[in-house]
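The following exercises introduce one protein chain through its strands, its core and its charged pairs. Please attempt each task before reading the solution beneath it.

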Amino acid sequence: MIPATVPTEAIFDRGSLPDGSLPVDAWDDEGEPLVLWRNALRRAQHIEGFRGVRERRQIVGVVPGGGWMTEWQDPDDGASFADPVVAWAVYSDGEARAIDTDSSGEAVLLSPSIKDRRTYHPGQIPDAPLPGEKSPGTSKGNG
């Protein structure tokens, strides 16, 4: 058995649900990934839905927000809100994701797939308007 020194995960097809994953804890003598499954190390290929392995993304650094803003629109009343990006989480594959704070001050890692939110630098015009905006960078309340 060889310990897994590079963060890797085994990917499993879960049908209509998003793919699942388990961290690879070790490799057997034939190079097959071993994962913790029901309190035992098992070959990932012997678990239903196994599709393969990939390097597991990890946050490798956090840098200051640099003046960037994140803006979203309340779906109920259409009001726009903006917060400063407090920091950027940088992943091992080079992606950076914005970190905002919620109403209690707890850090929240923003998902890039949220459609009602955009992240921009105030010195630039955002690429796309929020729903209900007349033009990029202009909210309903100010123009």
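A residue counts as buried when its relative accessible area is under 20%, as exposed when that area is over 50%, and as partly exposed in between. The structure shown is a predicted model.

**Exercise 1. Overall make-up**

Determine how many helices and strands the protein chain holds, and what share of its residues is buried.

Solution.
- Step 1: The protein chain has 13 strands and zero helices.
- Step 2: The order of elements from the N terminus is accordingly a run of β elements.
- Step 3: Of the 143 residues in the protein chain, 27% are buried.
- Step 4: Among contacts between residues at least 6 apart in sequence, 41% join residues at least 24 apart.

**Exercise 2. The surroundings of T8**

Decide whether T8 is buried or exposed, and describe what surrounds the residue.

Solution.
- Step 1: T8 belongs to strand β2, which covers residues 8–12.
- Step 2: The relative accessible area of T8 is 10%. Because this value falls under 20%, T8 is classed as buried.
- Step 3: A polar atom of the T8 side chain lies 2.8 Å from the backbone oxygen of V6.
- Step 4: Leaving aside residues up to four places away in sequence, T8 touches several residues, among them L22, P23, V24 and W27, and also V53, R54, E55 and R56.

**Exercise 3. The largest nonpolar core**

Identify the residues of the largest nonpolar core and the strands that supply at least two of them each.

Solution.
- Step 1: The largest nonpolar core consists of seven residues, namely A10, F12, V24, W27, V35, A44 and I47.
- Step 2: Strands β2 and β3 (20–27) each contribute at least two residues to this core.
- Step 3: A10 touches V24, V35 and A44, and its contacts also include G20, F50 and V53.

**Exercise 4. Two hairpins**

Trace the pairing from β3 through β4 to β5, and state which residue in each hairpin has a positive phi.

Solution.
- Step 1: β3 pairs with strand β4 (residues 33–37) in the antiparallel sense, over three bridges. A26 has L34 in β4 as its bridge partner.
- Step 2: Five residues separate β3 and β4 in their hairpin, and G31 in the turn has a positive phi of about 85°.
- Step 3: β4 also pairs with strand β5 (residues 40–43), again antiparallel, over four bridges. V35 stands opposite R42 in β5.
- Step 4: The hairpin of β4 and β5 has two residues between the strands, and R38 takes a positive phi near 55°.

**Exercise 5. An open sheet**

Which strands lie at the edges of the sheet formed by β9, β8 and β13?

Solution.
- Step 1: The three strands form an open sheet in the order β9-β8-β13, with antiparallel pairing.
- Step 2: The edge strands are β9 (80–84) and β13 (117–120), each of which pairs on one side only.
- Step 3: From one strand to the next, the twist averages 20°.
- Step 4: Strand β8 (residues 69–73) is joined to β9 by five bridges, and W72 stands opposite F81 in β9.

**Exercise 6. Salt bridges**

Locate the partners of D19, R57 and R117, and classify the accessibility of residues in these pairs.

Solution.
- Step 1: Side chains of opposite charge can pair when their charged atoms come close. The count of salt bridges comes to eight.
- Step 2: D19 forms a salt bridge with R51, with the closest N and O atoms 2.3 Å apart. D19 lies in the loop between β2 and β3 and R51 in strand β6 (residues 50–55), so this pair ties together parts 32 residues apart in sequence.
- Step 3: D19, at 39% relative accessible area, is partly exposed, whereas R51, at 53%, is exposed.
- Step 4: R57 and D93 meet in a salt bridge at 3.3 Å, N to O. R57 is in the loop between β6 and β7 (59–64) and D93 in the loop between β10 (87–91) and β11 (96–101), 36 residues apart. R57 has 30% relative accessibility and therefore counts as partly exposed.
- Step 5: R117 meets D100 in a salt bridge at 3.6 Å, N to O. R117 lies in strand β13 and D100 in strand β11, so the pair ties together parts 17 residues apart in sequence.
- Step 6: R117 is partly exposed at 21%, while D100 is buried at 4%.
- Step 7: D28, E30 and R43 are joined into one network by salt bridges that share partners.

Note on methods: Residues are numbered from 1 along each chain as its sequence is written. This is a predicted model: local features need pLDDT of at least 70, side-chain atom pairs count only at pLDDT 80 or more; totals for chains, interfaces and linings use all residues. Side-chain values use heavy atoms; hydrogens and water are left out. Buried means under 20% relative accessible area, exposed over 50%, partly exposed in between (1.4 Å probe, protein chains only). A polar contact is a pair of N or O atoms within 3.5 Å; within protein, one must be able to donate a hydrogen and the other to accept it, and residues adjacent in sequence count only if both atoms are side-chain atoms. Contact means heavy atoms within 4.5 Å. Two strands pair if DSSP finds at least two bridges between them. Axes are lines fitted to C-alpha atoms, for helices over the stretch in contact, and angles run from 0 to 180 degrees between N-to-C directions. A nonpolar core is a set of buried Ala, Val, Leu, Ile, Met, Phe, Trp, Tyr and Cys residues joined through side-chain atoms within 4.5 Å. A salt bridge is a side-chain nitrogen of Lys or Arg within 4 Å of a carboxyl oxygen of Asp or Glu.
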